[in-house]
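Visitor: Please show me this structure and let me ask about its inside and its strands.

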Amino acid sequence: MGMSVTISAASAQDAEQILKLQYLCYQSEAELYGDYGIEPLTQSLDDLKAELDRGHALVARLGDEVIASVRGELDDTGTATIAKLIVHPRLRRHGLGGRLLDAIEEYFASGRSPAAKRFQLLTGHRSEGNLRLYRKRGYEAVATQEVGPRLTLVTLEKAA
C-alpha cells in the first residue's frame, strides 16, 4: 500500500527534522560552489526555530517523515521572501518543489492582512534546477549580487 505526500504548516516540533533535511539537501549546493560554510549548513536549531517563529513554513510529509520544506516571511512593503525550498534528494524531480512553492505563494497571497504584492527568492547562479523551476513558475531575475569568488546570488521576483 502506497502513501500520499501531504503538505501542511510546519510546527516547532518539525524543526529538528527540517534542519536535518536542510543539511542533507544543501550538500549538493555546497559541492557546486565549493563552499561548505554556507548558512544552510551552519544554521543552528535555535536559529531555525526563531526563523519559524518569525515567518511561515510548510512541510511535505511521506508518512511521518518530513521530505520537503519551504519557508517565507512577509515584510512591510508587501514582499513575501521565500527561502530554503528543499526536497529530499531521493524524491526530487517529482513535482514536490513546485507544489510547495505554489502552496507558500497561496498562503501569502490570500487570507492574510495584508496580502503579498510580490514574491521574491534567491538562488545561486549555478543552481540550474532551481533557476529552471523558478522561471517555469513565472519568476524573473531582477538583480545579481556577487557574494564570493565562486558564488553570485540571483534575485528573482514575480507579482502576487
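The questions below go through the core, one helix and three strands.

Visitor: Which element gives the most residues to the largest nonpolar core?
Guide: Keep in mind that this is a predicted model. The core has 24 residues, and I82, L101, Y134 and Y139 touch the most other members. Elements that give two or more residues to this core are β2, β3, β4, α5, β5, α6 and β7. With five residues, the top contributor is α5.

Visitor: What does Y134 touch, leaving aside residues up to four places away in sequence?
Guide: Y134 is one of the four residues that touch the most other members of the largest core. Its contacts, with those up to four places away left out, are L85, L101, L121, T123, Y139 and L156.

Visitor: How many residues are in the second core?
Guide: This core is separate from the largest one. Among its members are L19, L52, A57 and V66. In general, nonpolar side chains in soluble globular proteins tend to be buried together. The second core has 15 residues.

Visitor: Why are the buried residues of α6 on the same side of the helix?
Guide: The buried residues in question are L131, L133 and Y134. They lie on the same side of α6 because, around the axis, they cover an arc of only 165 degrees.

Visitor: Which elements do those buried residues pack against?
Guide: Y134 is among the buried residues of α6, and its contacts include L85, L101, L121 and L156. L85 lies within β4 (79–87), L101 within α5 (96–109), L121 within β5 (118–124) and L156 within β7 (152–159). The buried residues of α6 pack against β4, α5, β5 and β7.

Visitor: Is β3 mostly covered or mostly exposed, and how many of its residues are buried?
Guide: β3 spans 65–74 and gives two or more residues to the largest core. The strand is mostly covered, and of its 10 residues the number buried is seven.

Visitor: Which residues stand opposite S69 in the strands on either side?
Guide: β3 runs antiparallel to β2, with seven bridges joining them. β3 also runs antiparallel to β4, here with six bridges. From β2, the residue opposite S69 is V59, and its bridge partner in β4 is I86.

Visitor: Which glycines take a positive phi in the two hairpins?
Guide: Two residues lie between β2 and β3, and the glycine in that turn has a phi of about 70 degrees. Four residues lie between β3 and β4, and there the glycine has a phi near 90 degrees. The first hairpin has G63, and the second has G78.

Definitions and conventions: Residues numbered from 1 in each chain as written. Predicted model: local features only at pLDDT ≥ 70, side-chain atom pairs only at ≥ 80, totals over all residues. Heavy atoms only, no water. Core = buried A, V, L, I, M, F, W, Y, C linked by side-chain atoms within 4.5 Å. Buried < 20%, exposed > 50% of the residue type's maximum accessible area, 1.4 Å probe, protein only. Contact = heavy atoms within 4.5 Å. Arc of directions from axis to C-beta. Pairing = 2+ DSSP bridges.
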